[in-house]
Amino acid sequence: MQDTLMTPAVESTRPFNFSAGPAAMPEAVLRQAASEMLDWHGSGMSVMEMSHRGKEFISIYEQAEADLRELLAVPANFKILFMQGGGLGENAIVPLNLSRGASADFVVTGSWSEKSAKEAGKYCKSAIIASNAAQSYTRLPDASTWQLSTTPSYVHLCSNETIHGVEFHTLPDLKALGCDVPLVIDFSSHVASRTVDWSKVGLAFGGAQKNLGPAGLTLVVVREDLLGHALAICPSAFNYKTVADNGSMYNTPPTYAIYMAGLTFQWLKAQTETVAGTVLTGVAAMEHRNIAKAKLLYDFIDQSSLYVNHVAPDCRSRMNVPFFIRDAGLTGPRYDAFLTGAKARGLLQLKGHKSVGGLRASIYNAMPVAGVQALVDYLRDFERTLSSFCKSVP
Ligand SMILES: *Cc1c(COP(=O)(O)O)cnc(C)c1O
């Protein structure tokens, strides 16, 4: 690995991209991939052109898996699977593998967990044991209120709701709640943004396109004892045991996406933050930086009289910040002009999800503090010049 490319030798001139996913990638990663596009490490091949069973790709794969295991501190009794099908695919693949003909419990905290509960219902009995739909998903239902089933096969939650901007800052301890079954988490949109307490988790899954790499790769981290219990109808390529036994190469894995994620892991390992004289690296460094980024944006929104975020402060997402403009006159052409103005400042993809509207800033690992600062500067300037803006865009 050419370490020099993993540190920003070149001052970036690219805009800041706030897309929720597929999302911005570290510029150093894109540059390295570009430099290796035609000939990876003297092999004469692009990574896209290699056999997934050849020694070149196997080395890429093994490095990526080892780096991820180190970054996320994945214990030895968990398998790391590089799959396909995305987060939505896992909504079917998880019950096919874990439900064992019994029911599964779902904590519904936003659009993604709502979808998970619905999809699982095709393969097993799925029970919604808590939901804050009535509060428009602006807070998390307290674990003490969950109506856990007697013996569910597993309990599912989405640890960061990408659309509603709600995040679990502490995972529930199911054992302490009297329900000693595996906890399944969909961590698609905050994987590698913070540390994971694996003692509370049986399985975690996530699409790569939010915080790890390009679309097409799905990460599954699963405790070994949960393998080998798939329903008979489970497709072989989606049977976790089959995938694990074949080192994620039962069928051709998404090789290029794995390579890009691997470069991202190298980049993550090279990140540092110094806190009170201590040097943090990797995910710990990212978590520190992500806390600072989120605070910068939420603090600005909270003191503003124009912008508002409706999520309860104790469960606001560090990664996805949905917010609204209070001024009812800022719709239609003015809303579009607001976004055009942002783009002119190099601030891309701030449009809110179609189901909730408004605005959304996704500030994943690849977003530097400077990007969040540039957004805050734009929002402040816009608020200051609101009356002249409204005259200029009738
Ligand atoms: C994006 C997202 C998904 C969907 O992922 P696909 O790869 O499109 O299937 C699922 N869950 C969460 C939390 C997401 O952010």
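Which strands does helix 2 (residues 55-71) lie across? In this predicted model, helix 2 is placed across strand 2 and strand 10 (218-223), and runs at about 130° to strand 2.

Strands 2 and 10 belong to an open sheet of seven strands, in which the order is 2-10-9-8-5-3-4 and the pairing is mixed. The edges of the sheet are formed by strand 2 (78-83) and strand 4 (125-131); each has a single partner strand, so one side of each is left without a neighbour in the sheet. On average, neighbouring strands of this sheet are turned by 20° against each other, direction ignored. The pairing of strand 4 with strand 3 (residues 103-108) is parallel and extends over six bridges. Within this pairing, V108 has S131 of strand 4 as its bridge partner.

In soluble globular proteins, nonpolar side chains tend to be buried together. The largest nonpolar core of the model comprises 57 residues, and those with the most contacts inside it are L72, F187, W198, L219 and Y259. Helix 6 (residues 255-270) makes the greatest contribution to this core, supplying ten residues. The surroundings of W198 were examined with its neighbours within four places in sequence left aside; on this basis, W198 is in contact with L72, A73, V74, P75, F78, F187, A204 and V221. Two of these partners, L72 and F187, are themselves listed with W198 among the residues with the most contacts inside the core. Another core lies apart from the largest one and has 32 residues, including L306, V321, L359 and F382.

Conventions. Residues are numbered from 1 along each chain as its sequence is written. This is a predicted model: local features need pLDDT of at least 70, side-chain atom pairs count only at pLDDT 80 or more; totals for chains, interfaces and linings use all residues. Side-chain values use heavy atoms; hydrogens and water are left out. Two strands pair if DSSP finds at least two bridges between them. Helices (H or I, at least four residues) and strands (E, at least two) are DSSP runs, numbered from the N terminus. Axes are lines fitted to C-alpha atoms, for helices over the stretch in contact, and angles run from 0 to 180 degrees between N-to-C directions. Contact means heavy atoms within 4.5 Å. A nonpolar core is a set of buried Ala, Val, Leu, Ile, Met, Phe, Trp, Tyr and Cys residues joined through side-chain atoms within 4.5 Å. Buried means under 20% relative accessible area, exposed over 50%, partly exposed in between (1.4 Å probe, protein chains only).
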